[in-house]
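Got your viewer open and a coffee within reach? Load the model, switch on a cartoon view, and keep the selection box handy.

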Amino acid sequence: MAFGLPGFVHEVALKSTTIPKGFFAVYVGEDHKQRYIVPLSYLNEPVFQELLRLAEEEFGYEHQMGRLTNPCREDVFIDLTSQLN
């Protein structure tokens, strides 16, 4: 099951590994990581690029989970991405 917020989908149950065309997955959180499906267009947004830069500083590109992971709090991620819509 997933619920939609403007511009992205937060997956509650991670049973599906399918990502819709034009989107990508990012894992967000400080301790427990939640999977979010976000539009590729976010990659052009300066605020999202800053989040990626922070993730690179924290994890580098060789993260043990093998996924795009962002160390910010979920509420911060939701607030920032909701402003992109």
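Here is a walk from the overall fold to the inside, then out to the charged side chains.

**Before you click**

This is a predicted model, so local features are described only at pLDDT of at least 70 and side-chain atom pairs only at pLDDT 80 or more, while totals for chains, interfaces and linings use all residues. Residues are numbered from 1 along each chain as its sequence is written, and side-chain values use heavy atoms, with hydrogens and water left out.

**Stop 1: the whole chain**

Colour by secondary structure. You should find two helices and five strands, where helices (H or I, at least four residues) and strands (E, at least two) are DSSP runs numbered from the N terminus. Follow the chain from the N terminus and the order reads β-β-β-β-α-β-α. Of the 85 residues, 32% count as buried. Buried means under 20% relative accessible area, exposed means over 50%, and partly exposed lies in between (1.4 Å probe, protein chains only). Taking contacts with a separation of 6 or more, 50% are between residues 24 or more positions apart; a contact here means heavy atoms within 4.5 Å.

**Stop 2: strand β3 and its neighbours**

Select residues 23-28, which is strand β3. Five of its six residues are buried, so the strand is largely enclosed by the rest of the structure.

Which strands does β3 pair with? Add residues 34-39 to see strand β4, which runs antiparallel to β3 and is joined to it by six bridges. Then add residues 69-70 for strand β5, parallel to β3 and joined to it by two bridges. (Two strands pair if DSSP finds at least two bridges between them.)

Now click Tyr-27. Opposite Tyr-27 you will find Arg-35 in β4, and Tyr-27 also stands opposite Thr-69 in β5. Before leaving, look at the hairpin of β3 and β4: five residues lie between the strands, and Gly-29 takes a positive phi near 140°.

**Stop 3: the nonpolar core**

Show side chains for Phe-24, Val-26, Val-28, Tyr-36, Val-38, Tyr-42, Phe-48, Leu-51, Cys-72 and Phe-77. Those 10 residues make up the largest nonpolar core, meaning a set of buried Ala, Val, Leu, Ile, Met, Phe, Trp, Tyr and Cys residues joined through side-chain atoms within 4.5 Å. β3, β4 and α1 each supply at least two residues of this core, and the largest share, three residues, comes from β3.

**Stop 4: the aromatic rings**

Keep those side chains on and look at the rings. A search of the whole structure turns up four aromatic pairs. Rings of Phe, Tyr and Trp (its six-membered ring) pair if their centres lie within 6.5 Å; planes under 30 degrees apart count as stacked, over 60 as edge-to-face and the rest as tilted.

Zoom in on Phe-24 and Phe-48. Their rings sit edge-to-face, 6.0 Å centre to centre with 80° between the planes. This pair links distant parts of the chain, with Phe-24 in strand β3 and Phe-48 in helix α1, 24 residues apart. Both Phe-24 and Phe-48 are buried. Zoom back out and select Phe-24, Tyr-36, Tyr-42, Phe-48 and Phe-77 together: they form one aromatic cluster.

**Stop 5: a threonine in helix α2**

Select residues 74-82 for helix α2, then pick Thr-81 within it. Is Thr-81 buried or exposed? It counts as buried, at 1% relative accessibility. Its side chain reaches the backbone oxygen of Phe-77 at 2.8 Å.

**Stop 6: the salt bridges**

How many salt bridges does the structure hold? There are three, each being a side-chain nitrogen of Lys or Arg within 4 Å of a carboxyl oxygen of Asp or Glu.

Begin with Arg-73 and Asp-75, whose side chains meet at 2.8 Å, N to O. Arg-73 is partly exposed at 42% relative accessible area, and Asp-75 is partly exposed at 45%.

Move to helix α1 (residues 46-59) and select Arg-53. Arg-53 meets Glu-50 in a salt bridge at 2.5 Å, N to O, and the two are three residues apart, about one turn of the helix. Arg-53 also forms a salt bridge with Glu-57, with the closest N and O atoms 2.1 Å apart; these two are four residues apart, again about one turn. Arg-53 is partly exposed at 35%, Glu-50 is partly exposed at 35%, and Glu-57 is exposed at 57%.

Notes
Polar contact = N/O pair within 3.5 Å; in protein donor to acceptor, adjacent residues only side chain to side chain.
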